[in-house]
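Grab a coffee and open the viewer: here are a few exercises to work through. Try each task yourself before you read the solution.

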Amino acid sequence: MADLWQDAMDHAVAIARRAGEVVREALQDDRKVMTKSSSVDLVTQTDQKVEQLIIQSVKYKFPTHSFIGEESVAAGEPCVLTDRPTWIIDPIDGTTNFVHAFPFVAISIGFSVNKQIEFGVIYSCLEDKMYTARRGKGAFCNGEPLQVSDREDIKQSIIATEFGSSRDPEAVEKIFSSLRNVLCIPVHGVRGAGTAAINMCHVASGCVEAYYEIGIHVWDVAAGSLVVSEAGGVLMDVEGGAVDLMSRRIVAANSRTIAERIVKQIDSFSPLRDDAP
Ligand code: IPD
């Protein structure tokens with residue numbers, strides 16, 4: 001049977017590649033930095049330009065589809081997931097990396113129907129790695145199938161996480177407390193690529209066993225959630241139970257055993273939801 005969303009997925013891959021060219025070209029120029037929710041929550045004109053490029057091209061081809069885009073939400077558009085076909089876009093995941101030319105920068109596009117992610121496309125544009133996942137059909141990097149790591153012993157694992165962009169002292173305290181708990185399990189190491197999407201691709205690729213973070217947004221993790229699950233991984237809330245992409249909390253791991261062990265170490269908190277009125 002023909003895949004209803006294949007055309008949309010092909011378009012997502014093509015537009016992510018085009019967006020990646022724009023990002024690479026912009027790295028040659030001066031990058032004018034602005035701030036959003038805090039002095040360390042950065043945005044550039046390239047984030048806004050790339051988001052418009054993606055939205056305009058999708059609107060032209062799929063005029064009835066909806067959008068949740070990081071920069072559109074920052075500009076006041078609603079962040080509500082309905083049953084309609086919805087493109088969930090992070091034009092530059094790793095904006096701070098982009099500003100500093102730290103070499104992990106991704107274009108992340110998740111596509112949801114009936115509140116279920118149907119496909120995810122993440123283009124790590126400085127590495128030229130195109131990660132794709134289609135629900136029920138596996139996850140790939142540049143066409144090669146992805147499989148999570150089979151390490152079940154957390155003491156032999158690498159865990160990815162990020163410090164995020166909140167500098168609220170209570171949140172920072174909890175982030176450090178969780179990090180100390182994880183590090184002192186002990187694990188082999190803790191890493192962070194500076195982009196949630198690429199951290200999740202690393203879980204899917206098997207080079208890290210788990211990624212967790214509190215404070216991410218739906219556009220950071222929509223595509224990555226499918227890439228991880230289609231590579232055989234597991235998603236969980238930081239307190240256990242089902243992940244809720246609007247809750248700004250996620251654990252993505254190679255297995256339930258590792259995910260549950262991470263959950264035990266996390267000093268959790270609840271940032272304002274993405275879909276809060
Ligand atoms: C950020 C990155 C970062 C994570 C933040 C995200 P942005 O996304 O994914 O790794 O720690 O929580 O907001 O702002 O670069 O799109």
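**Exercise 1: the ligand shell**

Sorted by class, the shell around the ligand holds two nonpolar, eight polar and six charged residues. Keep in mind that this is a predicted model.

Task: work out which residues come nearest to the ligand, and where the ligand lies relative to domain 1 (6-145) and domain 2 (154-265).

Solution. Start with the shell: of its 16 residues, Thr 95, Glu 162, Gly 164, Ala 196 and Ile 216 come nearest. Next, look at who supplies the shell. Domain 1 and domain 2 both give residues to it, so the ligand lies between them.

**Exercise 2: where the domains touch**

Task: find which strand gives the largest share of the side of domain 1 that touches domain 2.

Solution. First, place the two domains: their C-alpha centres lie 20 Å apart. The contact takes 36 residues from domain 1 and 25 residues from domain 2. On the domain 1 side, strand 6 gives the largest share, six residues. By class, that side splits into 19 nonpolar, 12 polar and five charged residues.

**Exercise 3: the two faces of helix 5**

Task: check the length of helix 5 (residues 169-183), then say which of its residues are buried and which exposed residues sit on the face turned away from them.

Solution. At 1.5 Å a residue, the 15 residues should span 21 Å, and the end C-alpha atoms are 21 Å apart, which agrees. The buried residues of helix 5 are Ile 175, Ser 178 and Val 182. They cover an arc of only 65° around the axis, which puts them on the same side of helix 5. Their cover includes strand 10 (158-161), strand 11 (189-191) and helix 8 (256-265). Turned away from that buried side are the exposed Pro 169, Glu 170, Glu 173, Phe 176 and Arg 180.

Conventions. Residues are numbered from 1 along each chain as its sequence is written. This is a predicted model: local features need pLDDT of at least 70, side-chain atom pairs count only at pLDDT 80 or more; totals for chains, interfaces and linings use all residues. A residue is near a molecule or strand if its C-beta atom, placed from the backbone, lies within 6 Å of it. Ala, Val, Leu, Ile, Met, Phe, Trp, Tyr, Cys and Pro count as nonpolar, Asp, Glu, Lys and Arg as charged, and the others, Gly among them, as polar. Domain bounds come from an automatic or database domain assignment. Helices (H or I, at least four residues) and strands (E, at least two) are DSSP runs, numbered from the N terminus. The expected span of a helix is 1.5 Å times one less than its number of residues. A residue is buried if 20 or more other C-beta atoms lie within 10 Å of its own, exposed if 12 or fewer, and partly exposed in between; C-beta atoms are placed from the backbone. The arc is that of the directions from the helix axis to the C-beta atoms. Two residues are in contact if their C-beta atoms, placed from the backbone, lie within 7 Å.
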